[in-house]
Amino acid sequence: MATWDPRAFEDALIEDMRAHGGQVTTGPLAGEPMLVLNTIGSKSGEPRRAILNFSRDGGDYVVAGSKGGAPTDPAWVANLAANPTATVEAEGRRFQATARVEREGSERDRLWAGHVRTLPKFADYPEKSGRVIPMVRLRPTTSA
């Protein structure tokens, strides 16, 4: 039996998105709003990549540090807290963005509510994870 290769899955997903104007057309994520987030590792200083569901808040992209409902934040949240500049691919375009991590407060709560309206599958993640899910606003700054 072949072993699952997460890097190959991600590469194929990104290839599908790039071929279809940012839309995922095949596999379990078909039809979902997805973006590619490129950050710099907060400890390693190396380039890091994450493929994430997103919602929109005006002209900004919003992602949840849910890690699928895991009890810890994904590494990319720490990466953006340490270096809030990222390269994003979404909706068929590539751009630089400035990130703002919202860990608590009314703005975080408002972003979370909008994210769950767009992506109801996230609703049970706080209970599943036992933590407040950080929300990240990605504000486009330039074309990449």
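In what follows, two residues are in contact when heavy atoms of each lie within 4.5 Å. Good morning, colleagues. The structure shown above is a predicted model, and I shall begin with one loop residue before turning to the core.

Lys67 lies in the loop between β4 and α2. Not counting residues up to four places away in sequence, Lys67 touches Thr72, Asp73, Pro74 and Arg131. With Thr72 there is also a polar contact, of 2.9 Å, between the two side chains. The backbone of Lys67 deserves a remark: phi is positive, about 50°, although the residue is not a glycine. Is Lys67 buried, exposed or partly exposed? It counts as partly exposed, because its relative accessibility is 44%.

A second residue belongs beside this one. Glu91, in the loop between β5 and β6, has a phi near 50°, again a positive value in a residue other than glycine. Glu91 is partly exposed, with a relative accessible area of 38%.

Let me now move to the interior. The largest nonpolar core has 18 residues. Which of them have the most contacts inside it? They are Leu35, Leu37, Val63, Trp76, Leu80, Val88 and Leu138. Two or more residues of this core come from each of the strands β1 (34-40), β2 (47-53), β4 (60-64), β5 (85-90), β6 (93-102) and β7 (135-143), and likewise from helix α2 (75-82). Apart from this core lies another, of ten residues, which include Trp112, Val116, Tyr125 and Ile133.

Leu37 offers a useful view of the larger core. Leaving aside neighbours within four places in sequence, Leu37 is in contact with Arg48, Arg49, Ala50, Leu52, Trp76, Leu80, Ala86, Thr87, Val88 and Leu138. For orientation, the C-alpha atoms of Leu37 and Lys67 are separated by 14 Å, with their positions 30 residues apart along the chain.

One partner of Leu37 is Ala50, a residue of strand β2. Their C-alpha atoms are 5.1 Å apart in space, while the two residues are 13 apart in sequence. Beyond its neighbours within four places, Ala50 is in contact with Leu35, Val36, Leu37 and Trp76. Ala50 has a relative accessible area of 10% and is therefore buried.

Asn53 is found in strand β2 as well. What is the relative accessible area of this residue? The value is 11%, so Asn53 is buried. Its side chain has polar partners. A polar atom of the Asn53 side chain lies 3.3 Å from the backbone oxygen of Pro33, and the side chain also makes a polar contact of 3.2 Å with the side chain of Lys121. Setting aside neighbours within four places in sequence, the contacts of Asn53 are Glu32, Pro33, Met34, Val62, Val63, His115, Leu119, Lys121 and Phe122.

His115 brings us to helix α3, where it is one of the buried residues. The others listed as buried in this helix are Arg108, Leu111, Trp112, Gly114 and Val116. Helix α3 covers residues 106-118, 13 in number. From its first C-alpha to its last it reaches 18 Å, close to the 18 Å expected at 1.5 Å a residue. Trp112 and Val116 of this helix are also among the members of the ten-residue core.

I shall finish with the aromatic residues. A pair of aromatic rings is described by the distance of the centres and the angle of the planes. How many aromatic pairs does the structure hold? There are four. In one of them, Trp4 and Phe9 are tilted, with 5.9 Å from centre to centre and 50° between the planes. Trp4 counts as exposed because its relative accessibility is 63%, whereas Phe9, at 33%, counts as partly exposed.

Elsewhere, ring pairs link Phe54, Tyr61 and Phe95 into a cluster. Two arginines accompany these rings. Arg56 lies over the face of Tyr61, at 3.9 Å from the ring centre. The charged end of Arg93 sits over the ring of Phe95, 4.4 Å from the centre of that ring.

To close, I would ask you to keep two places in view: the core with Leu37 among the residues that have the most contacts inside it, and the cluster of Phe54, Tyr61 and Phe95. Thank you for your attention.

Note on methods:
Residues are numbered from 1 along each chain as its sequence is written. This is a predicted model: local features need pLDDT of at least 70, side-chain atom pairs count only at pLDDT 80 or more; totals for chains, interfaces and linings use all residues. Side-chain values use heavy atoms; hydrogens and water are left out. A nonpolar core is a set of buried Ala, Val, Leu, Ile, Met, Phe, Trp, Tyr and Cys residues joined through side-chain atoms within 4.5 Å. Buried means under 20% relative accessible area, exposed over 50%, partly exposed in between (1.4 Å probe, protein chains only). Helices (H or I, at least four residues) and strands (E, at least two) are DSSP runs, numbered from the N terminus. Rings of Phe, Tyr and Trp (its six-membered ring) pair if their centres lie within 6.5 Å; planes under 30 degrees apart count as stacked, over 60 as edge-to-face and the rest as tilted. A charge sits over a ring if NZ of Lys or CZ of Arg is within 6 Å of the ring centre and within 35 degrees of the ring normal. The expected span of a helix is 1.5 Å times one less than its number of residues. A polar contact is a pair of N or O atoms within 3.5 Å; within protein, one must be able to donate a hydrogen and the other to accept it, and residues adjacent in sequence count only if both atoms are side-chain atoms.
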